[in-house]
Amino acid sequence: MILSPMRYKSYTWPHNPRVYSIGYERKMAVHKTPFGLFRLQDLGRTCRVMEGEGEFVGEGAYAQFGQLANIFYNGGPGMLIHPLWQAANAYFVSLRLEQEPRADYVRYSFSFWEDDSWYTGLATRVSGAGQDGAPQTAAGNQGGGQAAWHRVVQGDTLWALAGRYGLSLEEIVALNPQIKNPNLIRVGEEVRVG
C-alpha cells in the first residue's frame with residue numbers, strides 16, 4: 001500500500017516518519033467517602049498527543065531537518081495531515097534531534113498536540129455558509145450564496161481540489177466535516193468547495 005506523505009502547515013515530509021503513536025488520556029479525580037469508599041469523577045479527556053520518529057537520509061538531510069525546524073519556530077496551530085490518522089488542527093510541541101546530525105543522516109523525534117477548539121467552532125463556521133446544506137449541483141457553482149460542490153473523480157485529492165477552487169487545505173477540510181481522513185476521498189463522493 002502506498003501512503004500519501006505526512007504534511008503540517010506548508011511542510012511535506014519527503015518520506016513518512018518510521019514510528020507513529022497517538023496518546024489518548026482522560027483525567028480522573030478520586031474523592032474519598034466515609035467507610036473507606038471512594039467516588040470517581042470524570043474530569044474529561046485531554047488533547048490527543050501525536051508523536052513519532054524518523055530519519056532524513058541522503059544529500060541535504062540536515063537541510064531537510066532545518067526546514068522542519070523552521071515550521072516548528074513559526075508557532076500557532078496548523079493542520080496536521082497524516083496518511084493513517086484523522087486530520088487534526090494541532091500545535092507542533094516538540095522537535096528533537098536524537099543523535100548528532102550528519103550532512104547525509106538526521107534522526108529526529110516530534111510531538112504534536114491536538115487543538116480541539118478548532119473543532120468546537122467548526123459547526124458554527126460550516127452551518128452558516130450554505131442555504132439548506134444539501135448538495136446543489138456539480139463543481140463550479142460558487143455564486144449566489146449557495147453551497148458549491150464537486151463530485152470526486154478518479155485521481156482527485158483534497159489538496160488538489162483546494163488549489164483548484166482557490167481554498168487552503170484547512171478551509172476545504174472545515175467545509176467537509178464528514179470527511180474523517182482527508183487522504184481518503186472516494187470516487188462519486190460530494191465534496192463542498194464553496
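Which residue in strand 9 is the bridge partner of arginine 96? Hold that for a moment. This is a predicted model. I'll start with the helix and then move along the chain to the strands.

Helix 1 covers residues 61-74, so to speak our anchor for this talk. It has 14 residues. From first C-alpha to last it reaches 21 Å, close to the 20 Å expected at 1.5 Å a residue.

Now, which residues of helix 1 are buried? Ala61, Gln64, Phe65, Leu68, Ala69 and Ile71. They cover an arc of only 155 degrees around the axis, which means they sit on the same side of helix 1. Tyr73 and Asn74 are on the other side, and both are exposed.

What do the buried residues pack against? Five strands appear here by name: strand 1 (7-8), strand 2 (11-12), strand 6 (49-57), strand 8 (88-97) and strand 9 (105-114).

Next, the end of the helix. Glycine 75 follows helix 1. Its phi is positive, near 75 degrees.

On to strand 7, residues 78-81. Strand 7 runs antiparallel to strand 8, and three bridges join them. Take glycine 78: its bridge partner in strand 8 is alanine 90. The two strands form a hairpin, with six residues between them.

Strand 8 also pairs with strand 9. Again the sense is antiparallel, this time over seven bridges. Back to the opening question, then. The partner of arginine 96 in strand 9 is serine 109.

To recap: strand 8 is joined to strand 7, pairs with strand 9, and is among the strands that the buried residues of helix 1 pack against.

Technical notes
Residues numbered from 1 in each chain as written. Predicted model: local features only at pLDDT ≥ 70, side-chain atom pairs only at ≥ 80, totals over all residues. Heavy atoms only, no water. Helix = DSSP H or I, 4+ residues; strand = E, 2+ residues; numbered from the N terminus. Expected span 1.5 Å × (residues − 1). Buried < 20%, exposed > 50% of the residue type's maximum accessible area, 1.4 Å probe, protein only. Arc of directions from axis to C-beta. Contact = heavy atoms within 4.5 Å. Pairing = 2+ DSSP bridges.
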